[in-house]
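Visitor: Hi, I've got a structure open and could use a hand reading it. Can we go through it together?
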Amino acid sequence: MEQGRGAIVLVPEISLTPQTVERFKARFSSGPLQTLVAVLHSHLPPVNAMTNGIKSARARTHRHRARSAIFAPVEPLGLIIVDEEHEHTYKQEEAPRYHARDVAIVRGRMEGAPVVLGSATPSLESFYNCSRGKYTLIEMPERVDNIKMPLVRVVDMRQSMRRGKAFPFSRRS
């Protein structure tokens, strides 16, 4: 933003949109990096989409989906963030078929904008690309706001299965 460039942030669920928008508005609605935070999703009336500065035919006809925000006219583009990149909702099943995460990567490469793929459980494709050095893996050793991780136990269920107890869950709490 200090370079005068814009950003696209993709969020997989409309239910996550209000809290995400509020965080961005709180950070960018005032101060030296003040900017417009526009919203595009499938439950937005066409008038609101136009008011937010999205001037595409898809917004005018109200047939857009949240994943189509990757095609929003943000120029110059400086950053793309794909939150929860592993989510299946980024896949467009009807024609034209595409995966918004993959389009984000290609668009970022074409426009010289870094792409951040965020996930606590990355997709196999992204994890593989990290292991091959194609992507850079940045790990967060702590959760946001120092929220504690849930207790997780690995329980060997083979003994239960040998005793004839085929229940798929451990009795241990």
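Guide: Sure. Let's start with a word we'll need: a residue counts as buried when its relative accessible area is under 20%. Also, keep in mind that this is a predicted model.

Visitor: Okay, so what share of the protein chain counts as buried?
Guide: Of its 173 residues, 28% do.

Visitor: And how many helices and strands are there?
Guide: The protein chain has six helices and five strands. Starting at the N terminus, the order is β-α-α-α-β-β-β-α-β-α-α.

Visitor: Which strands make up the open sheet?
Guide: Three of them, in the order E1-E2-E5, with parallel pairing. E1 and E5 are the edge strands, as each pairs on one side only. From one strand to the next, the twist averages 10°.

Visitor: How many bridges join E2 to E5?
Guide: Three. You can also find valine 82 opposite leucine 117 in E5.

Visitor: Switching topic: where does H4 lie?
Guide: H4 lies across E1, E2 and E5, and runs at about 160° to E2.

Visitor: Which of its residues are buried?
Guide: In H4 those are Ala100, Arg101, Val103, Ala104, Ile105, Arg107 and Gly108. They pack against strands E1, E2, E4 and E5, plus helix H5.

Visitor: Why does the 16 Å between the end C-alpha atoms of H4 make sense?
Guide: Because H4 has 12 residues, and at 1.5 Å a residue they should span 16 Å, which agrees.

Visitor: What comes just after H4?
Guide: Glycine 112, with a positive phi of about 65°.

Conventions
Residues numbered from 1 in each chain as written. Predicted model: local features only at pLDDT ≥ 70, side-chain atom pairs only at ≥ 80, totals over all residues. Heavy atoms only, no water. Helix = DSSP H or I, 4+ residues; strand = E, 2+ residues; numbered from the N terminus. Expected span 1.5 Å × (residues − 1). Buried < 20%, exposed > 50% of the residue type's maximum accessible area, 1.4 Å probe, protein only. Contact = heavy atoms within 4.5 Å. Pairing = 2+ DSSP bridges. Axes fitted to C-alpha atoms, helices over the stretch in contact; angles between N-to-C directions.
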